[in-house]
Amino acid sequence: LSGVIGGVGLDVYENEGDYFFQNWSGQAIEDNTLVTLLGSNRVVMTPHQAFFTKEAIDQIVKVTLENISNYSSGLRGKELPNSI
């Protein structure tokens, strides 16, 4: 081993909200860091999908259904267990 990192896989990029899930065909991306990352053959980027596992989706569904049930039963505001 040489002790040098040969590549990276990224699921999150700090300024991704400006770019991901939008069609940028034919438009210039003004974020130079993002352009450099996307242009490198040593970088793999995904649009924030590492959460997309069976376990994660099962938990999202469970919490969503609990939220609906709690709200339907009359709980509001801080009474809701998942209130923020």
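Patches are made of residues with over 30% relative accessible area and no salt bridge, like charges being joined within 9 Å and nonpolar side chains (Val, Leu, Ile, Met, Phe, Trp, Tyr) within 5 Å. The model is predicted: local features need pLDDT of at least 70, side-chain atom pairs count only at pLDDT 80 or more, and totals for chains, interfaces and linings use all residues. Residues are numbered from 1 along each chain as its sequence is written, and side-chain values use heavy atoms, with hydrogens and water left out.

**Exercise 1. State which residues form the nonpolar patch on the surface, and place Ile 60.**

Step 1. The patch is formed by Phe 51, Phe 52 and Ile 60. Together they have about 320 Å² of accessible area, computed by the Shrake-Rupley method with a 1.4 Å probe, where for residues only the protein chains shown count as cover.

Step 2. Ile 60 belongs to helix α2, residues 54-72. Helices (H or I, at least four residues) and strands (E, at least two) are DSSP runs, numbered from the N terminus.

Step 3. Ile 60 has 44% relative accessibility and therefore counts as partly exposed. The classes are buried (under 20% relative accessible area), exposed (over 50%) and partly exposed in between, with a 1.4 Å probe and protein chains only.

**Exercise 2. Find the salt bridges and describe the residues in each.**

Step 1. Side chains of opposite charge can pair when their charged atoms come close. The rule asks for a side-chain nitrogen of Lys or Arg within 4 Å of a carboxyl oxygen of Asp or Glu. Under this rule there are 2 salt bridges.

Step 2. One joins Asp 58 to Lys 54, with the closest N and O atoms 2.8 Å apart. Both residues lie in helix α2, 4 residues apart, which is about one turn of the helix. Asp 58 is partly exposed at 41% relative accessibility, whereas Lys 54, at 59%, is exposed.

Step 3. Another joins Glu 66 to Lys 62, and here the closest N and O atoms are 3.3 Å apart. Glu 66 and Lys 62 are also both in helix α2, 4 residues apart, about one turn of the helix. Glu 66 is partly exposed at 34% relative accessibility, and Lys 62 is partly exposed at 43%.

**Exercise 3. Is the aromatic pair of Tyr 19 and Trp 24 stacked, edge-to-face or tilted?**

Step 1. Rings of Phe, Tyr and Trp (its six-membered ring) pair if their centres lie within 6.5 Å; planes under 30 degrees apart count as stacked, over 60 as edge-to-face and the rest as tilted.

Step 2. The structure has 1 aromatic pair. Its ring centres, those of Tyr 19 and Trp 24, are 4.9 Å apart and the planes stand at 45°, so the pair is tilted.

Step 3. Tyr 19 is buried, with 13% relative accessibility, and Trp 24 is partly exposed, with 26%.

Step 4. Tyr 19 also has Ile 29 10 residues away along the chain, with 8.1 Å between the C-alpha atoms. Ile 29 lies in the loop between β1 (8-10) and α1 and is partly exposed at 24% relative accessibility.

**Exercise 4. Which charged end sits over the ring of Tyr 71?**

Step 1. A charge sits over a ring if NZ of Lys or CZ of Arg is within 6 Å of the ring centre and within 35 degrees of the ring normal.

Step 2. The charged end is that of Arg 76, 3.6 Å from the centre of the Tyr 71 ring.

Step 3. Tyr 71 is part of helix α2 and is partly exposed, at 46% relative accessibility.

**Exercise 5. Describe the setting of Ser 40 and its polar contact.**

Step 1. Ser 40 is in the loop between α1 (32-39) and β2 (43-45). Its relative accessible area is 25%, so Ser 40 is partly exposed.

Step 2. A polar atom of the Ser 40 side chain lies 3.0 Å from the backbone nitrogen of Arg 42. A polar contact is a pair of N or O atoms within 3.5 Å; within protein, one must be able to donate a hydrogen and the other to accept it, and residues adjacent in sequence count only if both atoms are side-chain atoms.

Step 3. From Ser 40 to Gly 7 the C-alpha distance is 9.2 Å, with their positions 33 residues apart in sequence.
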